[in-house]
Each structure stands twice: as C-alpha cells, then as structure tokens.
Amino acid sequence: MTDRATPSPRICPNCDGFASVAVTSGGRDRHGHLRTITAHCPACKGTGTAPARPVREGARA
C-alpha cells in the first residue's frame, strides 16, 4: 500500500513563510547584549501560512 501524500502548507505570499523576524534597534544594553524587537507578518499574524482560498464554482474552464 502506498501512503497518501500530505498536502504542502500554503505559504503566506506576503512574507514567504518567514513570519517572525528579530530586528535590532541599533543599541546595546549595559551587559553588552543587542537590543532586538520581534516583528510579525500582519497578513498571516506570525504563522507563515495563508488560509485556503475558497473555490468559486463556475470559474473552471
């Protein structure tokens, strides 16, 4: 028997799957650590995947 292939997740077109990034603020704290902030993709809300599009009937040729 063959196994069924799992469908690949839909990658967010806005962030290409890189949903969260760490951005340096340019400074260091008194211990010498770089200050960073985390930014999330607003389209996918940090998940990296996009919801499935609904299939419109009659759009097929």
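The following questions and answers go through a predicted model of one chain.

Visitor: How many helices and how many strands are there in the chain?
Guide: The strands are E1, residues 20-28, and E2, residues 34-40. For the whole chain, the count is zero helices and two strands.

Visitor: In which sense do E1 and E2 pair, and over how many bridges?
Guide: One bridge joins Ser 20 to His 40 in E2. Val 23 of E1 stands opposite Ile 37 in E2. Taken together, the two strands pair in the antiparallel sense over six bridges.

Visitor: Which residue in the hairpin of E1 and E2 takes a positive phi?
Guide: The hairpin has five residues between its strands. A positive phi near 90 degrees is found there at Gly 32.

Visitor: Which residues does Val 23 touch, not counting those up to four places away in sequence?
Guide: Val 23 lies in strand E1, and Ile 37 stands opposite it in E2. Val 23 and Arg 35 are twelve residues apart in sequence, yet their C-alpha atoms are 8.4 Å apart in space. With residues up to four places away left out, the residues touched by Val 23 are Arg 35, Thr 36 and Ile 37.

Visitor: Is Val 23 buried, partly exposed or exposed?
Guide: Buried means under 20% relative accessible area and exposed means over 50%. The value for Val 23 is 37%, which lies between these limits, so Val 23 is partly exposed.

Visitor: Which residues form a nonpolar patch on the surface?
Guide: In soluble globular proteins, nonpolar side chains tend to be buried together. Here, though, Val 21 in strand E1 has 39% relative accessibility and counts as partly exposed. Val 23 is partly exposed too, at 37%. The patch, with about 240 Å² of accessible area together, is formed by Val 21, Val 23 and Ile 37.

Visitor: Which residues make up the largest nonpolar core?
Guide: Cys 44 touches Cys 12, Cys 15, Ala 19 and Thr 49, not counting residues up to four places away in sequence. Of these contacts, Thr 49 is not listed in the core. The core has five residues: Cys 12, Cys 15, Ala 19, Cys 41 and Cys 44.

Visitor: What percentage of the 61 residues in the chain is buried?
Guide: A residue counts as buried when its relative accessible area is under 20%. By that limit, the buried share of the 61 residues is 11%.

Visitor: What share of the accessible surface belongs to carbon and sulfur atoms?
Guide: The accessible surface of the chain comes to about 5900 Å². The share of carbon and sulfur atoms in that surface is 53%.

Visitor: Which residue in the segment before E1 has a positive phi although it is not a glycine?
Guide: The residue has a phi of about 55 degrees. At 55% relative accessibility, this residue counts as exposed, because the limit is over 50%. The residue, found in the segment before E1, is Asp 16.

Visitor: What is the phi of Lys 45?
Guide: Lys 45 is found in the segment after E2 and counts as exposed at 71% relative accessibility. Lys 45 is a residue other than glycine, and its phi is positive, near 60 degrees.

Technical notes
Residues are numbered from 1 along each chain as its sequence is written. This is a predicted model: local features need pLDDT of at least 70, side-chain atom pairs count only at pLDDT 80 or more; totals for chains, interfaces and linings use all residues. Side-chain values use heavy atoms; hydrogens and water are left out. Helices (H or I, at least four residues) and strands (E, at least two) are DSSP runs, numbered from the N terminus. Buried means under 20% relative accessible area, exposed over 50%, partly exposed in between (1.4 Å probe, protein chains only). Accessible areas come from the Shrake-Rupley method with a 1.4 Å probe; for residues, only the protein chains shown count as cover. Patches are made of residues with over 30% relative accessible area and no salt bridge: like charges are joined within 9 Å, nonpolar side chains (Val, Leu, Ile, Met, Phe, Trp, Tyr) within 5 Å. A salt bridge is a side-chain nitrogen of Lys or Arg within 4 Å of a carboxyl oxygen of Asp or Glu. Two strands pair if DSSP finds at least two bridges between them. A nonpolar core is a set of buried Ala, Val, Leu, Ile, Met, Phe, Trp, Tyr and Cys residues joined through side-chain atoms within 4.5 Å. Contact means heavy atoms within 4.5 Å.
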